[in-house]
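Subject: Structure handover and notes

Dear colleague,

I am passing on the structure we spoke of, together with my notes on it. Please look through the coordinates first and then read on.

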Amino acid sequence: KSEEEPENPFAAMFRLSTTDDGIDVEINVSKGDRSGAFTGRAYLPDSSKAKECPNGFPYMVCMHPVQPLEYALQNGYAMIFMDTSMVAQDNNLRKGCFYDLYPYGADPVTQTGELMAWGWAAAKVLDAIYGGLGKELGLNEEQSSITGVSRWGKATAVCGAFESRFKNVIPVCSGAGGLALWNYSSEGKCYDMSESGGPK
């Protein structure tokens, strides 16, 4: 390291272990004297794809393992699946490493929900990637995507609203009345929903 090179604050925030199925990634986070961790699993394309990606593989951080893994790998994308249940359980118990660091309190300023917590965790995965995980896995740090389906689709949208380092934000099926991928105004229009059991 040269004397001009600044200290990397994220260099020690991850640990890797190889499994038969993929590469387990432990992300360690801290705030003051509190610390916690959550895990993810990374999958890399076959080494033959490396020639097509001389600057590293593009990658997707996924809120859960529903995305088509084999299709992504065959097309040269690395995938990192987060275990969001370790970050924040999807219930009202406020358990998980996010709440260990940022306890849910009586004051509304301290009341953060799961969707925001999961978006925060995806940003921590990015911190680790910029801190050396990207080089370890052979990723192109600048070709990042974040995605999730249904409830995790909403969390993906939240993450994209607050974390500008993700180059692509792909919320999928974020719910009826939820986020749409385009704007459409239905003001003043009438819809007959009687065929599906709704009002005429």
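The notes below go from the overall fold to the strands, the cavity and a few single residues.

Please keep in mind throughout that this is a predicted model. The protein chain has five helices and seven strands, and, read from the N terminus, these elements follow the order β-β-β-β-α-β-α-α-α-β-α-β. Of the 200 residues in the protein chain, 38% are buried. When contacts in the protein chain between residues at least 6 apart in sequence are considered, 53% of them join residues at least 24 apart.

Turning to the strands, β2 (residues 23-31) and β3 (residues 34-43) run antiparallel and are joined by nine bridges, one example being V29, whose bridge partner in β3 is G36. The hairpin that β2 and β3 form has two residues between the strands, and G32 in this hairpin takes a positive phi near 60 degrees. D24 also belongs to strand β2, and its C-alpha atom is separated by 5.9 Å from that of G40, although the two residues are 16 apart along the chain. With a relative accessible area of 23%, D24 is partly exposed, because that value falls between the limits of 20% and 50% that bound this class. Strand β3 also pairs with strand β5 (residues 78-82), again in the antiparallel sense, over four bridges, and here R41 has F81 in β5 as its bridge partner.

The cavity search may interest you most. Over the whole structure, one cavity of 30 Å³ or more is found, and the largest cavity has a volume of about 40 Å³. The elements that give two or more residues to its lining are β2, β3, β5 and α4 (114-137). The lining residues are V25, I27, F38, T39, G40, I80, F81, M82, V125 and L133, and sorted by class they comprise eight nonpolar, two polar and no charged residues. Two of these names have come up above: G40 and F81 line the largest cavity, while G40 is the residue whose C-alpha atom was compared with that of D24 and F81 is the bridge partner of R41.

Which residues does S145 touch, not counting those up to four places away in sequence? They are Y59, M60, V61, F166, N168 and I170. S145 itself lies in strand β6 (residues 139-149), and it counts as buried because its relative accessibility is 3%, where the class requires a value under 20%.

As for cysteines, a search of the whole structure finds zero disulfides. C62 is buried, with a relative accessible area of 0%, and C159 is likewise buried, with a relative accessible area of 3%.

Finally, two backbone angles deserve a look. Most residues other than glycine have a negative phi. R94, however, has a positive phi of about 55 degrees although it is not a glycine; R94 is placed in the loop between α2 (84-87) and α3 (97-101), and at 25% relative accessibility it counts as partly exposed. S150, which is not a glycine either, has a positive phi of about 65 degrees; S150 is found in the loop between β6 and α5 (151-162), and with a relative accessibility of 37% it also counts as partly exposed.

With best wishes

Key:
Residues numbered from 1 in each chain as written. Predicted model: local features only at pLDDT ≥ 70, side-chain atom pairs only at ≥ 80, totals over all residues. Heavy atoms only, no water. Pairing = 2+ DSSP bridges. Buried < 20%, exposed > 50% of the residue type's maximum accessible area, 1.4 Å probe, protein only. Contact = heavy atoms within 4.5 Å. 1 Å grid on protein atoms, 1.4 Å probe; cavity = no way out; pocket = protein on both sides within 12 Å on 5 of 7 lines; lining within 4 Å. Points joined across faces, edges and corners; volume = space filled by probe spheres on them. Nonpolar A, V, L, I, M, F, W, Y, C, P; charged D, E, K, R; others polar. Disulfide = S-S within 2.5 Å.
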